[in-house]
Structures are given as structure tokens and as C-alpha cells.
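This report covers a sheet and two pockets of one protein model. The sequence and structure are shown first.

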Amino acid sequence: MRLTVLGCAGSFPGPESPCSAYLVEAQGFRLLVDFGSGSLSTLQRYAGLHAPDAILLTHLHCDHILDAASYVVVRRYAPDGPYPPLPVYAPPGAPDRLATAYGQDDGSVEDVYQFYGLRPGTFPIGPFTVTVDRVNHPVETYGVRLEHEGRVLCYSSDTAPCDALLRLAQDADVFLCEASYLDGMDNPPDLHLTGREAGETATKAGVGRLLLTHLVVAWGSEANTVAAAAGAYTGPLEVVRAGASYEV
Ligand SMILES: [Zn+2]
């Protein structure tokens, strides 16, 4: 499978990247995982306006979902549309949240999206076997494990260290892991990972490659985050960029 980073800025868009959005492709099927602020732009640049065959939203924080509201216009009012409802796998509050964000008078975007409520477990989306579980973040948030033909991609979503993340990442070929916080700071608990914690999780889970994401560029230090992660994980690691693409 192929992972293309459409956005990787943590918490708010950065000068070089939109917020979280990752396109994962296998057998011509394209699953968009998160659809954060600004990523509708890079979707067009790196994939195409109508690229997604399905969407998975890991949690309902605005930096992971807001362009799914903008995307309503694309599906509903396209000159060659409207397009048929697109499957969206998301926490149960997603239909109301996206309708509110869009500003819908009748309170529905269900002509555009066919919603499936996430809960912990394993299920298929297109050619992928998807496993999701609740991770350690203040709202209902799902870490994701995607499997295809024996290859495994794990995405942490937003989380502090937790056992669910270790299980999801176990022996993953590629571990796309958030590293929002700087080590050595007085970080609030149960919210995000530091670089060191991302590295520790990668080591404990035995992953093949660590891709760091969701760094908060304006407040952080990429060099410090990478050094902290490398102090805890000796495998290959890098910080992802918008537009980067990886064969998993
Ligand atoms: Zn979040």
C-alpha cells in the first residue's frame, strides 16, 4: 500500500503544511484518513479533487475534520454532480458536527456522506483490513491499524502513551506517530506524545519504520523532537512533510 501525506501540521495549519490528512492507497482504492484544515488543497495537488473512495475520521477535533465540511460543496454542487454519498467512518457525533461546521440549515450532510459509527474492532474498508481502538486523548479518538497483503501501517491519531496504541502498532512495517510535545516541558497528561514517547512506543511495538507527524511547528523544535525519538528508537525515522509518499 502507499501512504501519501496531505497534511501533517499539529493542532493548526503550519506555514508549510495543512493539518492532518493521509491518503492510503491499495489496488486503486484510496482511503483518506483524517481531513484536517487546509488539506482539501493538498488533496487536489497530490491526488485529485475526487480521489477518496472512503474517509476515516479518527476523532472530531477540528484539525482532523474541518475540510470534510468544505468538501460537502465539492460533492453536492459539482457541475457533473451531485456525487453519490461517500462512506465516512467516524465517531458517532460526526454527522452533527460536520453539518454544524458546514452551516447546514436542515442539519444534515447525509446526502453527501454515508456515515458508519466507529467502535473498537476490525472491519474491512475496500481492500484494507482496518482495526481501530480507543486511544488516550480527551475526546473519543481511534488509533488505526491498516493491513493489506501482509503489510501493516499504524497511525496513532492523537494520543498520550497507552496500551491500545502499543497493540495497534505491534510489528507494523510503518508507524505514523504523532509527536506533538517537546520532551522536558511540563506537558499536560493524557493528550499527546513527545518525541521520546513516540520512540519508546515504536521500540516496544517492534515497528520497522517510524514516521513522526503532528509536530506543532510554531511552538516546537523539529530537531529536538527527532533527537528525543532517536534516543528511544534505533530504527529508521523521519518527520513527514506534506506531499511525501511512502511505499508500505
Ligand atoms: Zn486531537
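The text below describes the strand order of the sheet and then the pockets of this predicted model.

**Sheet**

An open sheet is built from seven strands, and its pairing is mixed. The strands follow the order β6-β5-β4-β3-β2-β1-β14. The edges are held by β6 (113–117) and β14 (245–247); each has a single partner strand, so one side of each has no neighbour in the sheet. On average, neighbouring strands of this sheet are turned by 20° against each other, with direction ignored.

One pairing within the sheet can be described in detail. Strand β4, covering residues 54–56, pairs with strand β5, residues 86–90, in the parallel sense. Two bridges make up this pairing. L56 has Y89 in β5 as its bridge partner.

**Pockets**

Rolling a probe the size of a water molecule over the atoms shows where empty space is left. The table lists the two pockets by volume and by the make-up of their linings.

| Pocket | Volume | Nonpolar residues | Polar residues | Charged residues |
|---|---|---|---|---|
| Largest | about 300 Å³ | twelve | eight | three |
| Second largest | about 170 Å³ | five | five | none |

The lining of the largest pocket consists of 23 residues. Which of them lie nearest its centre? They are L215, V217, E222, V239 and R241.

The second largest pocket is lined by S11, S180, Y181, L182, M185, N187, H192, V216, W219 and G220. This lining divides into five nonpolar and five polar residues, with no charged residue.

Note on methods:
Residues numbered from 1 in each chain as written. Predicted model: local features only at pLDDT ≥ 70, side-chain atom pairs only at ≥ 80, totals over all residues. Heavy atoms only, no water. Pairing = 2+ DSSP bridges. Helix = DSSP H or I, 4+ residues; strand = E, 2+ residues; numbered from the N terminus. Axes fitted to C-alpha atoms, helices over the stretch in contact; angles between N-to-C directions. 1 Å grid on protein atoms, 1.4 Å probe; cavity = no way out; pocket = protein on both sides within 12 Å on 5 of 7 lines; lining within 4 Å. Points joined across faces, edges and corners; volume = space filled by probe spheres on them. Nonpolar A, V, L, I, M, F, W, Y, C, P; charged D, E, K, R; others polar.
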